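Reader: Got a minute to walk me through this one? I'd like to go over some packing details.

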Amino acid sequence: MPDAVVIGAGPNGLVAANVLVDAGWSVEVLEAQDEPGGAVRSDRGVHPDYVSDVFSAFYPLAAASPVLARLDLAAEGLRWSHAPAVLAHPLPDGRCAMLERRAGQTAAGLARFAAPDAQAWQDMYGAWCRLGPDLVRTLFTPFPPVRSGLALAAKLRAAGGLRLARNLALPVRRLGEETFAGEGGRLLLAGNALHADLAPEAAGSGGFGWLMSMLGQSHGFPVPVGGSGALTGALVRRFRGRGGVLRCGERVVSVVVRGGRAVGVRTASGEDVGARRAVLADTSAPALYRELVGEEHLPARLLRDLERFQWDFATFKVDWALTGPVPWTAPQAAGAGTVHLADGVDGLTRFAAQIATGQVPDEPFALFGQMTTADPSRSPAGTESAWAYTHLPQRITSDAGADSITGRWDAREQQAMTDRLEAQVERFAPGFRALIRARRILAPTTLQAMDENLRNGAINNGTTALHQQAVFRPTPGTGRPETPVRGLYLASAAAHPGGGVHGAPGANAARAALRAHGLRGLLHRAQRV
């Protein structure tokens with residue numbers, strides 16, 4: 001019998017398992033899919049000559065994560081690659097806002113939109129350089145972040161903390177308008193906020209847009225050499241190299257609870273797998289509580305709170321094998337790993353408003369990835385492995401376009417949405433469609449079938465809005481990974497600090513389990529060694 005069972009071999013589950021084996025625990029990870037990785041997987045499913053990232057692709061949070069840094073995945077062969085530029089947001093008139101690898105170059109580009117914006121960007125980045133490392137440590141620390149929070153508070157006071165805190169609470173539209181005279185800087189902030197489900201007018205979207213923009217400036221948007229699966233491969237090799245057991249194709253159907261304590265799990269095949277000390281769940285919060293644990297073991301208040309749990313936006317994604325580079329009308333976009341496609345901040349607002357009212361957007365905001373530009377190993381020289389995704393309502397009430405998409409996602413609806421997404425790319429890159437050698441369509445239902453944590457393609461395991469963050473994540477409580485069932489810990493992005501590939505929810509859950517058994521000091525010694 002292992003000391004701990006981890007449900008799910010996504011990045012958070014694998015990080016939790018690694019932290020536990022470092023402390024000397026025996027750990028068994030059970031994964032429902034036939035391969036590990038969750039939403040961090042790559043394959044050659046579009047075309048045999050092209051490596052495609054099936055889900056996530058760019059990893060600024062992983063690059064900044066102290067959790068992943070402590071695991072030293074470079075020792076397991078993980079290498080990172082960067083595109084020449086981090087991010088581009090072209091406009092129909094040929095102008096292009098660029099997030100470059102160097103802050104001075106970003107500032108110079110923004111000056112072409114408005115001269116004062118060069119200094120505005122440098123000032124914003126200067127504040128990040130002073131506060132960013134402490135802020136990241138605070139975000140990734142179990143709640144409440146006492147030690148790192150005190151260090152951050154001291155620096156905030158010295159940097160005019162109340163004004164910065166106000167800025168981070170602003171809607172990203174307002175933050176952009178207050179900070180930048182021209183459209184370029186506003187676009188970078190607002191487009192990055194919509195990597196999550198945060199409309200330009202949402203409270204706190206300014207903070208998220210600022211965080212992603214500053215991470216891009218300081219760490220880039222790196223990709224694993226050879227595909228996102230290389231990150232998963234490094235986590236798996238590290239875990240197995242320390243004696244951990246990983247079994248794929250093993251669906252957990254229930255957590256076994258006796259006397260109010262989690263003592264193991266039961267698989268779909270009827271096998272009972274005991275856990276001497278803890279069960280950690282890299283699952284969604286609704287799935288853990290409603291399906292795996294059962295209402296009879298949970299307090300009524302938690303069950304009522306789950307009725308208010310909010311998923312983030314659904315996602316529709318298309319992968320392409322292209323015969324040549326994308327013919328952007330704004331040539332600067334050719335060097336960016338990530339490209340945002342929308343008609344300015346007003347276009348982003350219109351897009352988010354349509355989703356808020358249940359409509360399928362008629363002009364989707366597209367997040368476009370140029371993977372060969374970021375990592376030349378992804379496809380033959382002179383070609384491009386590319387993808388784009390857009391967001392959709394979780395519950396579709398109508399279609400703002402002419403295709404009557406309902407959310408059934410049959411072949412007709414998938415093709416109609418693909419045509420709409422490709423038409424958006426074509427607006428900024430005429431001739432794009434002529435380059436398509438092969439494509440793969442990943443509708444919301446397809447994404448969920450490939451990773452059950454992605455409810456209709458919800459990539460963050462719950463909304464990033466303020467009302468479901470920190471002590472409100474996943475429901476109002478402590479913001480910690482402990483659950484009402486002793487020995488059971490929530491180790492997924494449904495727990496604080498939420499979505500993104502950084503490993504913090506998994507590490508926080510593992511440390512909570514170790515702390516419950518008085519082993520935290522042993523963990524620190526093992527990680528120092």
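**Rings, helices and what covers them**

Author: Sure, starting with a ring: Tyr389 is buried, at a relative accessible area of 12% (buried means under 20% relative accessible area, exposed over 50%, partly exposed in between, with a 1.4 Å probe and protein chains only). This is a predicted model, where local features need pLDDT of at least 70 and side-chain atom pairs count only at pLDDT 80 or more, while totals for chains, interfaces and linings use all residues. Residues are numbered from 1 along each chain as its sequence is written, and side-chain values use heavy atoms, with hydrogens and water left out.

Reader: ok, and how many aromatic pairs are there?

Author: The structure holds 12. Rings of Phe, Tyr and Trp (its six-membered ring) pair if their centres lie within 6.5 Å; planes under 30 degrees apart count as stacked, over 60 as edge-to-face and the rest as tilted. One of the pairs is Phe316 with Trp409, with centres 5.4 Å apart and planes at 40°, so it is tilted.

Reader: where in the chain do Phe316 and Trp409 sit?

Author: Phe316 is in strand β14 (residues 314-322) and Trp409 in the loop between β19 (398-399) and α16 (411-428), so to speak distant parts of the chain, 93 residues apart. Helices (H or I, at least four residues) and strands (E, at least two) are DSSP runs, numbered from the N terminus.

Reader: buried or exposed, those two?

Author: Phe316 counts as buried at 0% relative accessibility, and Trp409 counts as buried at 7%.

Reader: back to Tyr389, which ring does it pair with?

Author: Trp387: the centres are 5.8 Å apart and the planes at 10°, so that pair is stacked. Trp387 is buried too, with a relative accessible area of 6%.

Reader: switching topic, how many residues of α12 are buried?

Author: Seven of the nine in helix α12 (residues 285-293). Among them are Pro286, Leu288 and Tyr289. What covers the buried residues includes β1 (4-7), β10 (252-258) and α13 (300-306).

Reader: and what's just after α12?

Author: Gly294, which takes a positive phi of about 100°.

Reader: last one, at what angle do α1 and α18 pack?

Author: Helix α1 (residues 11-22) and helix α18 (residues 504-516) pack at about 35°, with their axes 7 Å apart. Axes are lines fitted to C-alpha atoms, for helices over the stretch in contact (heavy atoms within 4.5 Å), and angles run from 0 to 180 degrees between N-to-C directions. The contact includes Val15 and Val19 of α1 and Ala507 and Leu514 of α18.
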